[in-house]
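Subject: Structure handover

Hi,

Here is the structure I promised to pass on to you. Have a look at it first, and then read on for what turned up.

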Amino acid sequence: MNNPKVKLIFNGKEEPLELPIISPTIGNDVIQIEQLQEKKVYMYDPGFVNTASCESQITYINGKQGKLLYRGYPIEQLAEKSDFLETSYLLLNGELPDQDQYEQFSRSIRIHTIVHEQMRQFYNGFRRDAHPMSIMVGVVGALSAFYHDSLDINDPTHRKIAAHRLIAKMPTIAAMCYKYAIGQPFMYPENSLSYTGNFLHMLFGTPSEDYQVNPIAEKALDRIFILHADHEQNASTSTVRIAGSTGANPFACISAGIAALWGPAHGGANEACLKMLREIGTPDRIPKFIKRAKDKNDSFRLMGFGHRIYKEYDPRAKIMKESCHDILEQFNASDIPLFQTALELEKIAREDEYFIEKNLYPNVDFYSGITLNALGIPTQLFTVIFAIARTVGWISHWHEMISGKVKLGRPRQLYTGKKERDYVSSNNRSIKK
Ligand code: ACO
């Protein structure tokens, strides 16, 4: 069928409006609605549940089939066979690198791992008990005050350097947040290590003792980075795109993304989920929490459950669940009862009519918190780990948008406020009760 179109008739009026239908490579067709503006009518879609805000070639999700592809590659294959830097190259550039490309890319990331020496002083301005995400928002945004030579968003070389800087410096900035909180000296990056090994070194090493990166922990964390690297137009990525559409510099845009990620409905859920599992404690207390989650008058939700897009098992949660038990046995067997509680909670919820009817399955955050905890990562750093990984997704989307035709992001609204009225001076105002 050539040029398929949708016809809309407003208020029974004769002249129908024909809206073009665009077909993606895979997934649902999209009705192009820009023309509706001429008819002085807007589309109302709170939470953008059914609105495609952009065209993108980076990530594809099929929520009903529980499928996630980065540049066409299934997440399961990347988690098993790739590493985070290779996956980052793939997301940024569209193809897997050959050996030379991989070496060049890793070298470029390595040479950018250090942050400007003056940035170390920023940390002293924060309280020691500040949440690391609050420091991340500030410090990452402040990168734009230090790296003026990569701020011209219209220059592809600047864009590439800014992207590499962000990917390289995020682990350094994150580890500094932790060191500051516990009062230990900041560790400089050790560039002979892998991307993830280096992060563990900056997190757990000290200048006074030799720190050996555990290869099992390194592999497990690298896999967590791969699983969190991108997830198409989620809340934080859309925030980055909207900020970027104004022409804001990439460091400011990523800082906006970090702020959006922080909330418990998004990246903050991994921290909230572990807290919830600890609060539940033992399997016999699960029914009480399930009851609360179902109660309309209780704001409590089962953290790590449900997803805007996945109405099937989140494929990342499947991978997390598989590796979680192995990691626990090797690193923190004392957390195995927590894992058993999580397994039992999942079982009970998945047999409950409420969760079945609403298609609520565990999401990536359900098992990632237990895994991170077993690796010795402090709970407050969970969302920071997510931010490190997601930076590559954010910057890939930003780059994709800026490389094409940029349209300022500016949604409409359904106004339900007062109609136009005249100003009344204060002595003539009657207070309505
Ligand atoms: N526990 C109990 N009920 C839930 C849950 C949950 N975790 N999630 C959704 N519901 C219920 C809602 O109350 C709602 O019920 P209703 O139709 O009777 O009003 C229904 O399921 C649909 O929920 P919505 O909030 O409308 O769905 P939405 O797609 O907007 O929300 C979200 C998705 C925010 C992730 C939600 O499932 C949630 O709050 N989950 C817990 C937090 C969480 O784990 N977030 C991580 C998301 S993954 C990520 O960002 C990496």
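A cavity, as the word is used here, is a set of grid points over the protein atoms alone where a 1.4 Å probe fits but cannot get out. Please keep in mind that this is a predicted model.

**Cavities**

With that definition, the structure holds two cavities of 30 Å³ or more. The largest cavity has a volume of about 40 Å³. Its walls are formed by Ile114, Val115, Glu117, Arg120, Thr172, Met176, Met187 and Tyr188. By class, that lining splits into five nonpolar residues, one polar and two charged.

The second largest cavity also encloses about 40 Å³ of space. Ten names are worth selecting in your viewer here: Ile224, Phe225, His228, Asn270, Ser368, Leu372, Phe382, Ile385, Phe386 and Ala389 line this cavity. Seven of the lining residues are nonpolar and three are polar, with no charged residue in the set. Three helices, α8 (215-228), α16 (364-374) and α17 (382-403), each bring at least two residues to the lining. The largest share comes from α17, which gives four residues.

**The ligand site**

Now to the part you will probably open straight away. Which residues are closest to the ligand? They are Lys296, Arg301, Leu302, Tyr354 and Lys358, out of 21 residues that surround the ligand. This shell is made up of eleven nonpolar, five polar and five charged residues.

Polar contacts to nitrogen atoms of the ligand come from both backbone and side chain. On the backbone side, an N or O atom of Leu302 lies 2.7 Å from a ligand nitrogen, and a polar backbone atom of Phe305 is 2.9 Å from a ligand nitrogen. Tyr354 takes part through its side chain, with an N or O atom 2.8 Å from a nitrogen of the ligand. As for cover, the ligand has 920 Å² of accessible area on its own, and the protein covers 75% of it.

**Another pocket**

You may also want to look at the second largest pocket, which holds about 260 Å³ of space. Of the 13 residues that line this pocket, Tyr89, Asn93, Phe105, Lys160 and His164 lie nearest its centre. The helices α2 (84-93), α3 (99-111) and α6 (156-182) each contribute at least two lining residues. Helix α3 gives the most, with five residues. Sorted by class, the lining of this pocket has six polar, four nonpolar and three charged residues.

**A few loop residues**

Most residues other than glycine have a negative phi. Two residues here are worth a look on that account. Arg71, in the loop between β5 (67-70) and β6 (73-74), has a positive phi near 50°. Glu232 has a positive phi as well, near 40°, and sits in the loop between α8 and α9 (235-245).

Finally, Asn214 is found in the loop between α7 (195-204) and α8. Is Asn214 buried, exposed or partly exposed? Its relative accessibility is 31%, so Asn214 counts as partly exposed, a class that runs between the 20% and 50% cut-offs. The C-alpha atoms of Asn214 and Glu329 are 15 Å apart, while 115 residues separate the two along the chain.

Happy to hear what you make of it.

Best wishes

Definitions and conventions: Residues numbered from 1 in each chain as written. Predicted model: local features only at pLDDT ≥ 70, side-chain atom pairs only at ≥ 80, totals over all residues. Heavy atoms only, no water. Near = heavy atom within 4 Å. Polar contact = N/O pair within 3.5 Å; in protein donor to acceptor, adjacent residues only side chain to side chain. Areas by Shrake-Rupley, 256 points an atom, 1.4 Å probe, with all protein chains shown as cover. Nonpolar A, V, L, I, M, F, W, Y, C, P; charged D, E, K, R; others polar. 1 Å grid on protein atoms, 1.4 Å probe; cavity = no way out; pocket = protein on both sides within 12 Å on 5 of 7 lines; lining within 4 Å. Points joined across faces, edges and corners; volume = space filled by probe spheres on them. Buried < 20%, exposed > 50% of the residue type's maximum accessible area, 1.4 Å probe, protein only.
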